[in-house]
Structure formats: structure tokens, C-alpha cells
Amino acid sequence: MARRSPPPQPFAEIIQTATDHCIAQCHEPAHLDFPAVPALGSWVRIPESDRVIYGVVAYVVTAPIDTIHRATALGLSLEQLRQEQPHIFAMLKTEVTIAIAGFEERERFYHHLPPRPPQMHQQVYTCPPEEVIAFSGTLTFLRTLLTLRYGPGDALVAATLRFLYHLRQRDRQWLVQAAQYLNRLLKDDYDRLRGIIEQL
């Protein structure tokens, strides 16, 4: 498997890192606007010198850049904010929590946590569709997502499967295989399994 070049522009930079997840701050747009927020369950890639780490967007929060000031409702449209309160955009930050789903090393995919978490200040890229499809061809990454103890929990698993289903051109056979794999993983927790399936 040939390693593909990442998109030319990263959308975020890692500001906190841990064994099973990391937090990245979105880059400010070139114009007065809020950062483009990636969708829950969408895939990202974090290239490093010897591997590419793959992750799923698990949680997004936009908040003031400091803990002193609190955002308040202004009753203005986005265009009015640009004209009357342009400093607002510089006072907010958007952070993305990324659940680590696996990695690629020496042209081989691994569907478990990497031996080291991503490094601080690494750039985060949107993952190209062909890489997402290749990585998700094996469903064992779902076991990792099911063990997470942060973010929206099972809603993340369902959002990830919906994202992959649409990316795979609504491949119903693949979705059935994913549901069957979930059934094996959650065979002792029917209520949890049903909750995920209902969100699909």
C-alpha cells in the first residue's frame, strides 16, 4: 500500500495528547469567520515521521480563549458581527477531541492504539476518502471506539458508521457486516447494541 500525500493544508494542531486520544485546536480562518468544524464521526490523519495515526472526531467545543471572559448572546447576524464586533472571532477557539482508531506503519494498517500517542503540535489533516475506505475495510477499530470513556459514547460509534456508510456509497452489505460485528462485540449488552443500531 503506497502512502498517500496528505491534503496541502492542515485544519488543526495538537495541543494535548494522550494514549487513546488527542485534542487539536482548529486554525483560524484567513477571513473573519469561525473555523470549519469537522463532523462527528469523520476521519482525520496525523502524519508523523515513521507512521500515520488515524482518528475519529469524537467531540468539538468552541469557547473563549481564556477562562475569564464568557461568551454572551449579542443578537447579531454573522455579517453584523464581522462589521460591528470583529474582535469576537479572535477571542474564540475551537477544539476537536480525536479518538485514536489505529495507525499505518511500513505500508501496513494496524487497528489498535499506536505504541506512542501523537506528538504535541503535530498538524491534523482531513483524511482522504480512499484512505478511510482502505483503513475501515477491517472493522476491528470499532472495539477501540467502544471502550472510550469520553465524548458522546455510543453516539460516536453510530456517527462513525453513518459516515463510513455514506462514504462507501451506501453499501448496505458493508453496513450489515458492521452491524453483525457489533453484535459479536456487544453480545452481552443487548440494550447498548440496540441503542447504536437505532441511530443507524
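How many nonpolar, polar and charged residues does the lining of the second largest pocket have? The legends below take up this question first and then turn to other close-up views of this predicted model.

**Close-up A. The lining of the second largest pocket in the predicted model.** By class, this lining has nine nonpolar, four polar and three charged residues. In total 16 residues line the second largest pocket, and among them E28, P29, D33, F89 and L92 lie nearest its centre. Two elements, β2 (21–26) and β5, give two or more residues to this lining, and the largest share, three residues, comes from β5. The volume of the second largest pocket is about 170 Å³.

**Close-up B. The largest pocket and the residues that line it.** About 230 Å³ of space lies in this pocket, and its lining is made by 13 residues, of which A71, T72, L74, I88 and L92 are nearest the centre. Divided by class, the lining of the largest pocket holds nine nonpolar residues, three polar residues and one charged residue.

**Close-up C. The largest nonpolar core, with its 32 residues.** Within this core, the residues that touch the most other members are W43, F141, L142, L145, V157, W174 and L182. At least two residues of the core are supplied by each of β4 (52–64), β5 (92–105), α2 (129–135), α3 (141–146), α4 (154–167), α5 (172–185) and α6 (190–198). The largest share, six residues, comes from α4.

**Close-up D. V157 and its contacts, with a second core.** When the neighbours of V157 within four places in sequence are left aside, V157 is in contact with L142, L145, L146, L182 and I196. Separate from the largest core, there is a second core of 15 residues, which includes A12, A24, F103 and V124.

**Close-up E. E107, a residue with positive phi in a loop.** Although E107 is not a glycine, its phi is positive, at about 60°. The loop in which E107 lies is the one between β5 and β6 (108–110).

**Close-up F. R170, a residue with positive phi in the loop between α4 and α5.** The phi of R170 is near 55°, which is a positive value in a residue other than glycine, and R170 lies in the loop that runs between α4 and α5. Is R170 buried or exposed? R170 counts as exposed because its relative accessible area is 54%, and the cut-off for exposed is over 50%.

Terms used. Residues are numbered from 1 along each chain as its sequence is written. This is a predicted model: local features need pLDDT of at least 70, side-chain atom pairs count only at pLDDT 80 or more; totals for chains, interfaces and linings use all residues. Side-chain values use heavy atoms; hydrogens and water are left out. A nonpolar core is a set of buried Ala, Val, Leu, Ile, Met, Phe, Trp, Tyr and Cys residues joined through side-chain atoms within 4.5 Å. Buried means under 20% relative accessible area, exposed over 50%, partly exposed in between (1.4 Å probe, protein chains only). Helices (H or I, at least four residues) and strands (E, at least two) are DSSP runs, numbered from the N terminus. Contact means heavy atoms within 4.5 Å. On a 1 Å grid over the protein atoms alone, a cavity is a set of points where a 1.4 Å probe fits but cannot get out, and a pocket is an open set with protein on both sides within 12 Å along at least five of seven lines; lining residues have an atom within 4 Å of a point. Grid points are joined across faces, edges and corners, and a volume is the space filled by probe spheres set on the points. Ala, Val, Leu, Ile, Met, Phe, Trp, Tyr, Cys and Pro count as nonpolar, Asp, Glu, Lys and Arg as charged, and the others, Gly among them, as polar.
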